[in-house]
Amino acid sequence: MRKLSVDAIIKSINAEEVFEAVTEDYSFTLKIDAYVPYLCGAVHDGHQFRKSLWNNCRHTEYERWYEEDPCTKQMVQSHPIVIAGCDSRFEYDLNRTPETAVYRDAWGKQLWKSPLKDDVKQFSLKKHHNFYRVVNTLLAKLEEKHQKVLVFDMHSYNWKRWDREVPTWNLGTANIDNERFDAIAQEWSRTLGKMQLPNELISSSRINDTFQGNGYFLKYITQNFNNTLVLATEIAKVYCDELTGIIYPEVVKSVEKQLKEMIPLQSEAFQNTL
């Protein structure tokens, strides 16, 4: 993997080069093997938390990990275009607006022992800004090349905190153009519900059951690109023990293997719709 400046990444996209790179500040990675009409994103996959913030943070490393989306990049890593965050959402959240990306509190607990100075916030927000510079360039290039583009916005959620039965997969569609795209969303939900998982896990899928797809990544793309559909796809953390942090690699590998087949087929179906 190459280390490139954001400007160099943007230049490579505009030149339609294939490459795999991490930004110079190691804030996110981008792989492009081919300029296909779909991409996979894992904005909450990252766990990095810069050392200068450690002593000021009230949340433990486990508490941060618990609210992140570990392994979501791994689940889609075999696809031609993958963009993924490296930094923890506790430094800045790529799925929130710039105005709210740096948390004051998180999940009912004050995050910082003392308020962050403005230069500390701006350091993080610059990385947030650069990520969306690249997203904008990449989607513009894909829409230029293809009639329509599909974005698989991969997330996970802590199912054990719910006091009711929740689905293995949740698809959030509240902020997409449902008049145009509801059929595709319904089809993707049905496909996910058919996934066969190891360890006697039963796969189920619902739409807007636990989350509605209110993230900034989806909203930013939807508002700026008329011919791109973002499918906010959340898997319950059945692939790990969310209370201990133990990962079940056989489940992660199974999800990755099946998504390797399902995602291109869904993209092809999307291209064939009017």
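**Helix α6 packing and salt bridges in the model**

The buried residues of α6 pack against four elements: α4 (118–145), β8 (149–157), β9 (169–172) and β11 (228–236). The helix itself covers residues 216–224, and its buried residues are Tyr216, Phe217, Leu218, Tyr220 and Ile221. All of this comes from a predicted model.

Turning to charged pairs, the structure holds 17 salt bridges. One of them joins Lys145 to Glu16, with the closest N and O atoms 3.2 Å apart. This pair ties together distant parts of the chain, as Lys145 sits in helix α4 while Glu16 lies in the loop between α1 (6–14) and β2 (19–23), 129 residues apart. Neither end is buried: Lys145 comes out as partly exposed at 38% relative accessibility, and Glu16 is likewise partly exposed, with a relative accessible area of 34%.

A second long-range link is the salt bridge between Asp241 and Lys160, where the closest N and O atoms are 3.6 Å apart. Here, too, distant parts of the chain are brought together: Asp241 belongs to strand β12 (residues 240–241), Lys160 to the loop between β8 and β9, and 81 residues separate them. The two partners differ in exposure. Asp241 has a relative accessible area of 16%, so it counts as buried, the cut-off being under 20%. Lys160, in contrast, is partly exposed at 37%.

What else does Asp241 touch, leaving aside its neighbours within four places in sequence? Besides Lys160, its contacts are Trp65, Ile246 and Tyr248. The buried acid of strand β12 therefore has its salt-bridge partner on its contact list along with these three residues.

Asp209 and Arg206 supply another pair, their side chains meeting in a salt bridge at 3.4 Å, N to O. Asp209 is partly exposed at 21% relative accessibility, so it falls just outside the buried class, which ends at 20%. Arg206 is partly exposed as well, with a relative accessible area of 29%. Elsewhere, salt bridges with shared partners join Glu16, Lys141, Glu144 and Lys145 into one network. The Lys145–Glu16 pair described above thus has both of its residues in that network.

Helix α4 turns up in both parts of this account: the buried residues of α6 pack against it, and it carries Lys145, the partner of Glu16.

Note on methods: Residues are numbered from 1 along each chain as its sequence is written. This is a predicted model: local features need pLDDT of at least 70, side-chain atom pairs count only at pLDDT 80 or more; totals for chains, interfaces and linings use all residues. Side-chain values use heavy atoms; hydrogens and water are left out. Buried means under 20% relative accessible area, exposed over 50%, partly exposed in between (1.4 Å probe, protein chains only). Helices (H or I, at least four residues) and strands (E, at least two) are DSSP runs, numbered from the N terminus. Contact means heavy atoms within 4.5 Å. A salt bridge is a side-chain nitrogen of Lys or Arg within 4 Å of a carboxyl oxygen of Asp or Glu.
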